Amino acid sequence: MSENGQKGKTIEISPNITVRELSQIIKASPIEIIKILMANGVMANINQQIDFDTAAVVAAELGYEVTLETQAPIKEEDKGEIPLWRRVIADENPDELIKRPPVVTILGHVDHGKTTLLDAIRHTNVAGGEVGGITQHIGAYQVEHNNRLITFLDTPGHAAFTAMRARGAQGADIVILVVAADDGVMPQTKEAAAHAKAAQVPIIVAMNKIDKQNADQSRVKQQLAEIGLVPDDWDGDTIVVPISAKKGEGIEDLLEAISLVSDNMDIRANPKGRVIGTVIEAEIARAKGVMASLLIQNGSLEVGDVVVAGNTCGKIKAMFDYLGKRVRKASPSFPVSVMGLNDIPQAGDLFQVVDSEKDARMMIDSLNQAKAESESDQKSVMSLEQLFDRFQAGDVRELRLVIKADVQGSLEPVVSSLKDLDKGDIAINILHAETGMISESDVMLASASKAIVIGFNVQADTAARRLADSEGVSIRIYDIIYRLIEDIEKALKGMLEPEEQEVVSGHAEIRAVFRISKVGNIAGCYVTDGVLHRNAKMRVIRSGNVIHEGWISSLKHLQEDVREVRQGFECGVAIKSFDGFIVGDKLECFSVEKVAVK
């Protein structure tokens, strides 16, 4: 029984709470709480989360009654993952929130003018001085428009943008999608738009190169409407600003559009609150050590603060703004470069301020432990097999898909059929649908959005498969449309059974072809990655197209029959019922295994 005389006092706690947070609420020592947990068979450190029932037992022993904290309902438009820093701001005292500058990033197709636009904005109006005054590149800068600041992330590219989302950051409030008026909407434009939509970030289209003779603004607007970005002058909700970044035309209009959108978003933060933000980039600088560029998203960062950023930590020794000027304090939406971290954090890592370096090390240990414990769970997050169970548990409200098909004639009926299924309790959200091979970008989008990648008559390239394995993303390949639709329908109904799936083990390149009498042609190969297995099947790929699949009938290394050949070694391969090898062909070794459906 607690001696603080608080018997019978009622407190509200969240469904999951750390030992430290619980100790602060009930004004007890963390050590006392840890002892009670140990007595009840629970081993936890000061930063570890415990569930509501466990916290209730601890609180009861200390003389408190607990109730579950009332959770604000999630609005329809807020479906999906909410970045931690946004949740931190949501928990702040509303009376202490003030407007902060919007954070903007620029995405688009290669050669459509992203870098030129960033340069035009920087040269036109850099807050606090001319562009010549910029002495230090920190991956972000600020401009002033109508006496208001706008922060630009100088790290364009939807791959970087989505990598930040995958780590829980989502640093941008607004996305500028650059589309060339002479070129129109290209595949990478569609990808960038899909990544921004999945992040639920408002999109402003900057229609660039309007000064070119072959510019066709009406055609571009039509293409934008076809990918769901209906221009505002077509009664849509996407602002389209015609610009010429090269000539500096329309830049003021674009800044005005950013201000308008940010006003509608009511972007706020608490400069006195909990300090949290995002790592923009980091490097080891000569004579300075680790230099990390940070974007503050809530609270105010000061020299002397102890920071935890991903798996790194340290006390801030010095801080510089984007002009290279020393500063002692930085408020929300301000980018700074800092010295003092003990290692290089990853771009997109969240950072936060803690009380001491000891707390920082404990937090990193806890994060590493939690990561190790959850790695197996992470691999099942996007499993079709568990979809219905997760829905019933209230963990998921929609099935998110990234779809790739061989041709437009295949893609359209697949998308149409899936949309017909979207009438049950679990919604189907098609984040991106495009023709072509499954790429790293597709897997990255799926990883950040907790989605499943569906391929129809296409394969995933090697880099995409490696990334999918490391990120726990499920890639499902089909060549029969009704089977694809049937699997999704069964998943929505909770009826999906384990099935046979192919597992790719390695790849090789044919460097010579040998003719052996009574056997036929043998492919002299070099194993480029993975392992070739004797009892597996082989796929022959020529110019990106699969020309044959069959069982391996012979696998030799230095004239000896072997069970397997690993990366970096040469071997001879014969495939049953096929001898049409050509130097330069690629081989893909795979097996068909009974696995749990994902």
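# Briefing: salt bridges, sheet and surface

Arg483 has a relative accessibility of 34% and therefore counts as partly exposed, a class that lies between the buried limit of under 20% and the exposed limit of over 50%. The residue belongs to a predicted model, in which Arg483 forms a salt bridge with Asp487. The protein chain contains 15 helices and 33 strands, and buried residues make up 49% of its 598 residues.

**Salt bridges**

- A search of the whole structure finds 17 salt bridges.
- In the pair formed by Arg483 and Asp487, the closest N and O atoms are 3.4 Å apart.
- Both residues lie in helix α15 (residues 481–493), and because they are four residues apart, about one helical turn separates them.
- Asp487 is buried, with a relative accessible area of 2%, whereas its partner Arg483 is partly exposed.
- Glu509 forms a salt bridge with Arg511, the closest N and O atoms being 3.5 Å apart.
- Glu509 also takes part in a salt bridge with Lys586, where the closest N and O atoms are 3.0 Å apart.
- Lys586 lies in strand β33 (residues 586–595) and Glu509 in strand β26, so this pair ties together parts that are 77 residues apart in sequence.
- Lys586 is partly exposed at a relative accessible area of 38%.
- A network of salt bridges with shared partners joins Lys99, Arg148 and Asp263.
- Glu509 is partly exposed at 23% relative accessibility, and Arg511 is partly exposed with a relative accessible area of 46%.

**The six-stranded sheet**

- Six strands form an open sheet with mixed pairing, in the order β7-β8-β6-β9-β10-β11.
- The edge positions are held by β7 (140–145) and β11 (239–242); each has a single partner strand, so one side of each is left without a neighbour in the sheet.
- From one strand to the next, the twist averages 30 degrees.
- Strands β9 (residues 174–180) and β10 (residues 203–208) run parallel and are joined by six bridges.
- Val175 has Ile203 as its bridge partner in β10.
- Helix α7 (residues 187–198) packs on the sheet and touches β6 (103–108), β9 and β10. The direction of α7 makes about 170 degrees with that of β9.
- Helix α9 (residues 251–265) also packs on the sheet, touching β6, β7, β8 (148–153), β9, β10 and β11. The angle between the directions of α9 and β8 is about 100 degrees.

**Backbone conformation**

- Most residues other than glycine have a negative phi.
- Lys27, which is not a glycine, has a positive phi of about 55 degrees.
- Lys27 is placed in the loop between α1 (19–26) and α2 (30–39), and this residue is exposed, with a relative accessible area of 70%.
- Lys209 is likewise not a glycine and has a positive phi of about 65 degrees; its place is in the loop between β10 and α8 (217–226).

**Surface and contacts**

- The accessible surface of the protein chain comes to about 29,100 Å², and carbon and sulfur atoms account for 48% of that area.
- Val513, Ile582 and Val583 make a nonpolar surface patch of about 230 Å².
- Within this patch, Val513 is placed in strand β26 (residues 499–516) and counts as partly exposed at 31% relative accessibility.
- Among contacts in the protein chain with a separation of 6 or more, 71% are between residues 24 or more positions apart.

Notes. Residues are numbered from 1 along each chain as its sequence is written. This is a predicted model: local features need pLDDT of at least 70, side-chain atom pairs count only at pLDDT 80 or more; totals for chains, interfaces and linings use all residues. Side-chain values use heavy atoms; hydrogens and water are left out. Two strands pair if DSSP finds at least two bridges between them. Helices (H or I, at least four residues) and strands (E, at least two) are DSSP runs, numbered from the N terminus. Axes are lines fitted to C-alpha atoms, for helices over the stretch in contact, and angles run from 0 to 180 degrees between N-to-C directions. Contact means heavy atoms within 4.5 Å. Buried means under 20% relative accessible area, exposed over 50%, partly exposed in between (1.4 Å probe, protein chains only). Accessible areas come from the Shrake-Rupley method with a 1.4 Å probe; for residues, only the protein chains shown count as cover. Patches are made of residues with over 30% relative accessible area and no salt bridge: like charges are joined within 9 Å, nonpolar side chains (Val, Leu, Ile, Met, Phe, Trp, Tyr) within 5 Å. A salt bridge is a side-chain nitrogen of Lys or Arg within 4 Å of a carboxyl oxygen of Asp or Glu.
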